[in-house]
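Thanks, everyone; I would like to take a few minutes to walk through one model with you. Please keep the sequence and the structure in view while I talk.

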Amino acid sequence: MSTIKFSFIFSMIFLLGFQMNAQQHKIKGRITTFENYPLNKVSVTAKKSGAEAISDSSGYYTIICGKKDKLVFEANGFYNKKVNLKRVEPADSVNVNLKLRNGNKNIEMATGYNHIDKDKLTHAIEHAKPDNDFSNYNSVMEIIDDKFTTIRRGTNTFDNNNILYVVDGTVVQFDVIKNIPTTQIKSINLLKGASASARYGSRGMNGVIVVETKSTNN
């Protein structure tokens, strides 16, 4: 093999390796429950690359994956959490809060698998914030994604016009709802099927996100 041909092949391999490394991204974050209780041994998986990580006793994890990957957080007794990195800013920091499933069986699994100490979990449950407190969310989009993960839109984006958005009884555009501060949200619900059509006619046939905000006097 000539020196020129060898140099060319070596250069191509180097460039390919550089491009692959450039596409990889180090993601760090912390996994909690009830806002501030760290979760241990939570499985973190990147769906596209297949990379895996496990959180430590303080809830921290590190995973290497593509910038456009999707992370899945799983722990026994808790609802899974999926995060699309394309929607995260900054993309190198992803903190999540996993919600405990209802029932004593899930409490037993959460503590039995050493995700959280039993005394800490008991204390967290006893001092849990009301369900209508959304202050720990970064955006309305994050609330919708967390509460209504069964919604499937044609483009899998929140600005799809197939979904009807209603704020305090008024139909609004997506740009209005996405800019509402999460601290001002009193309730957020999803209407589907007959209940949506009965109230909003054909406009609600693809689902309705109904948001009620807090009074400015509160």
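Let me begin with helix α6, residues 193-200, which lies across β9, β11 and β12 and runs at about 110 degrees to β11. Contact here means heavy atoms within 4.5 Å, and the angles, which run from 0 to 180 degrees, are taken between N-to-C directions of axes, that is, lines fitted to C-alpha atoms, for helices over the stretch in contact. Helices (H or I, at least four residues) and strands (E, at least two) are DSSP runs numbered from the N terminus.

Before going further, a word on what we are looking at: this is a predicted model, in which local features need pLDDT of at least 70 and side-chain atom pairs count only at pLDDT 80 or more, while totals for chains, interfaces and linings use all residues. Residues are numbered from 1 along each chain as its sequence is written, and side-chain values use heavy atoms, with hydrogens and water left out.

The sheet under α6 is where I would go next. Its 4 strands form an open sheet in the order β10-β9-β12-β11, with mixed pairing, where two strands pair if DSSP finds at least two bridges between them. Because β10 (170-172) and β11 (185-191) stand at the edges with a single partner strand each, one side of each is left without a neighbour in the sheet. Neighbouring strands of this sheet are turned against each other by 25 degrees on average, direction ignored. Between β11 and β12 (residues 208-213) the pairing is antiparallel, over 6 bridges, and I188 stands opposite V211 in β12. Helix α4 also packs on this sheet, touching β9 (164-167), β11 and β12, and its direction makes about 50 degrees with that of β11.

That brings me to Y137, which sits in the loop between α3 (118-126) and α4 (140-147). Is Y137 buried or exposed? Y137 counts as buried because its relative accessibility is 8%, and buried means under 20% relative accessible area, with exposed over 50% and partly exposed in between (1.4 Å probe, protein chains only). Leaving aside neighbours within four places in sequence, Y137 is in contact with K99, E142, I143, D146 and T182. Of these partners, T182 is 45 residues away from Y137 in sequence, yet the two are 6.5 Å apart in space, C-alpha to C-alpha.

Now to the other sheet that I want to show. It is an open sheet of 4 strands in the order β4-β3-β6-β7, with antiparallel pairing; β4 (52-54) and β7 (81-84) stand at its edges, each with a single partner strand, so one side of each is left without a neighbour in the sheet. The twist from one strand to the next averages 20 degrees. Strands β3 (residues 43-46) and β6 (residues 70-74) are joined by 4 bridges, with V44 partnered by F73 and S43 by E74. On its way to β7, with which β6 also shares 4 bridges, the hairpin has 6 residues between the strands, and G77 takes a positive phi near 90 degrees there.

Finally, the interior. The largest nonpolar core has 27 residues, of which I31, Y61, I63, L71, F73, V94 and L98 touch the most other members; such a core is a set of buried Ala, Val, Leu, Ile, Met, Phe, Trp, Tyr and Cys residues joined through side-chain atoms within 4.5 Å. Its largest share, 3 residues, comes from β5. Apart from it lies another core, of 18 residues, among them Y137, I143, F148 and I163.
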